[in-house]
Amino acid sequence: ETLVVTNPKDQAEVMRKEGKLNFIVDMPDTLNDTHGPGSLQALHGAKHNFFRKIFASILHPSALESFTPYLHEAFNNMWKEIEEECSSNASDTVVIQDAVCKAQFFLMAKILYGMTPQNTSMEVMLQLREDFEAQLEGHFSLRSSDKFKKAKEGSERIHKILADKFDSVLKERRALYQQDNCDEEKKEDSKANHGNIGNAMEVVADALLREGVDTDPKVLSETIDNLDLLLEASHGTTMTVTTNTLYYLNLPGNKDKLDKLRSEMKQLRSDPSYTQMKTNMTYADAVIKESMRLCPIIVSIAYKSNEEMSFALQGQKLQAPISIMLAFGQNFTDETFFPQPDSFIPERWISEDSDVYVSDEARRAFIPFGAGRHLCLGFKLADLVLKSALYCFACDEERVIEFDHGNVAKKVGIFPSYSISDGFPGRVSKSKMK
């Protein structure tokens, strides 16, 4: 049996007890099999906290700052290629999500794993991409299905590629770390300086070295599981949210929203830094939140505690082992929390004078990236990717996406819970939106 919790106040109380109850995310066995048994979703207690600490290193502001130029380059090239494709063939459309997926995959392979076509064969890169997409499709498939079998085979290849790459990175970082240990001043500088890190694998390797666990087989295996999970957290989610957001911005009735975003982008310098994007993209942040409210990636999170204990929730005594589902998607379109719930109104997240302003209670109800210790592993990186994608699209004042408004629409799924039909087919042009 599963206890379903729908009230935001009750959900907050459950989250306050998360550490005591040693929650793990209650996922289908098929998903745990493809991610690996050492992923953060399957861990709890001290081990969960340890890997949170290890992977938090890649979210250090100066590490994110070092990734930002790569993001701008990838998305600017993507829009240029799409525009050229559309202008060369007046009759064909481009599947926006496929284009975003392709650009983001090679981008993430570079900043997460240091893998590029220059240092990794294209055959390996394409196989990794194909296996990653198969892994996503197989997460919620029946164990006996061809989709799951393909996902499992793909997952094994992904883990092998990542393990070989990480072993090479770890050897290089270990040699540098041992050299730094000969000089205390260099050692301290090495610990503090994230700015010279070229990719996330190097950051994680350095973190393991500092903890003295860089030769522990179990730790290394679980690290690979989480490097795989990180790609999904920062790429699988963002390619969908980027597509959804572009859909809403390019609806005919939302021209004023796109114009406001363009106006904000004008205030930024060319290819803005991570710090500038974090502090000066208020409207872009609101646009992303509104898109995720109307098209959430997930609408619930299921937890389970396997340890025997009793605890209280809203004055009632409950007994663990127990499964608890936090169901929150219904709150996103509840007019009690969000007036005019079916309308795309980014301003609701900004203006306190607005009749639709998001209250503190509504903000607590809005948890699109999860909550508590199981907040999405790549949340900060995903936020940076989304803002860079929007910046590169909207910095051109005339760029629009034209599409069949009658046939392209929001659709319901399992994961993601909502997306745009057929991957959002459209044409990118420089004509003004009417």
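Which residues in H6 meet which residues in H7? The first view of this predicted model takes up that contact.

**View 1. Helices H6 and H7 cross obliquely.**
Helix H6 spans residues 96–113, and helix H7 spans residues 122–138. Their axes come within 11 Å and cross at roughly 120 degrees. That angle makes H6 oblique to H7. The crossing is right-handed. On the H6 side, the residues in contact are Asp-98, Cys-101, Lys-102, Phe-105, Phe-106 and Ala-109. On the H7 side they are Met-122, Met-125, Leu-126, Leu-128, Arg-129, Phe-132 and Glu-133. By class, the residues of this contact divide into 9 nonpolar and 4 charged, with no polar ones.

**View 2. Helices H4 and H11 pack with their axes 11 Å apart.**
Helix H4 covers residues 45–56, and helix H11 covers residues 217–249. The angle between them is about 60 degrees. H4 is therefore oblique to H11. This crossing is right-handed. H4 brings Lys-47, Phe-50, Phe-51 and Phe-55 to the contact. H11 brings Lys-218, Val-219, Glu-222, Thr-223, Asn-226, Leu-227 and Leu-230. The contact has 6 nonpolar, 2 polar and 3 charged residues.

**View 3. An open sheet of 4 strands has mixed pairing.**
The strand order is E1-E5-E4-E2. Strand E1 (2–5) and strand E2 (24–25) are the edge strands, and each pairs on one side only. E2 runs antiparallel to strand E4 (residues 300–313), joined to it by 2 bridges. Ile-24 stands opposite Lys-304 in E4. Val-25 has Tyr-303 in E4 as its bridge partner.

**View 4. Strands E4 and E5 form a hairpin.**
Strand E5 comprises residues 316–327. E4 and E5 pair in the antiparallel sense over 11 bridges. One position to find is Lys-304, which stands opposite Ser-323 in E5. Lys-304 also faces Ile-24. The hairpin has 2 residues between its strands. Gln-314 takes a positive phi near 50 degrees in this hairpin.

**View 5. An open sheet of 3 strands has antiparallel pairing.**
Here the order is E3-E9-E6. Strand E3 (94–95) and strand E6 (400–402) stand at the edges. Each has a single partner strand, so one side of each is left without a neighbour in the sheet. E3 pairs with strand E9 (residues 425–429) in the antiparallel sense, over 2 bridges. Within this pairing, the bridge partner of Val-94 is Gly-426 in E9.

**View 6. Trp-79 and Phe-393 form a tilted aromatic pair.**
A pair of aromatic rings is described by the distance of the centres and the angle of the planes. The count comes to 13 aromatic pairs. In the pair of Trp-79 and Phe-393, the ring centres lie 5.0 Å apart. Their planes stand at 55 degrees, so the pair is tilted. Trp-79 lies in helix H5 (residues 61–88). Phe-393 lies in helix H16 (residues 379–394). The pair therefore ties together parts that are 314 residues apart in sequence.

Methods
Residues numbered from 1 in each chain as written. Predicted model: local features only at pLDDT ≥ 70, side-chain atom pairs only at ≥ 80, totals over all residues. Heavy atoms only, no water. Pairing = 2+ DSSP bridges. Axes fitted to C-alpha atoms, helices over the stretch in contact; angles between N-to-C directions. Parallel < 35°, antiparallel > 145°, perpendicular 65-115°, else oblique. Left-handed = near helix turned anticlockwise from the far one by under 90°. Contact = heavy atoms within 4.5 Å. Nonpolar A, V, L, I, M, F, W, Y, C, P; charged D, E, K, R; others polar. Phe/Tyr/Trp six-rings, centres within 6.5 Å; stacked < 30°, edge-to-face > 60°.
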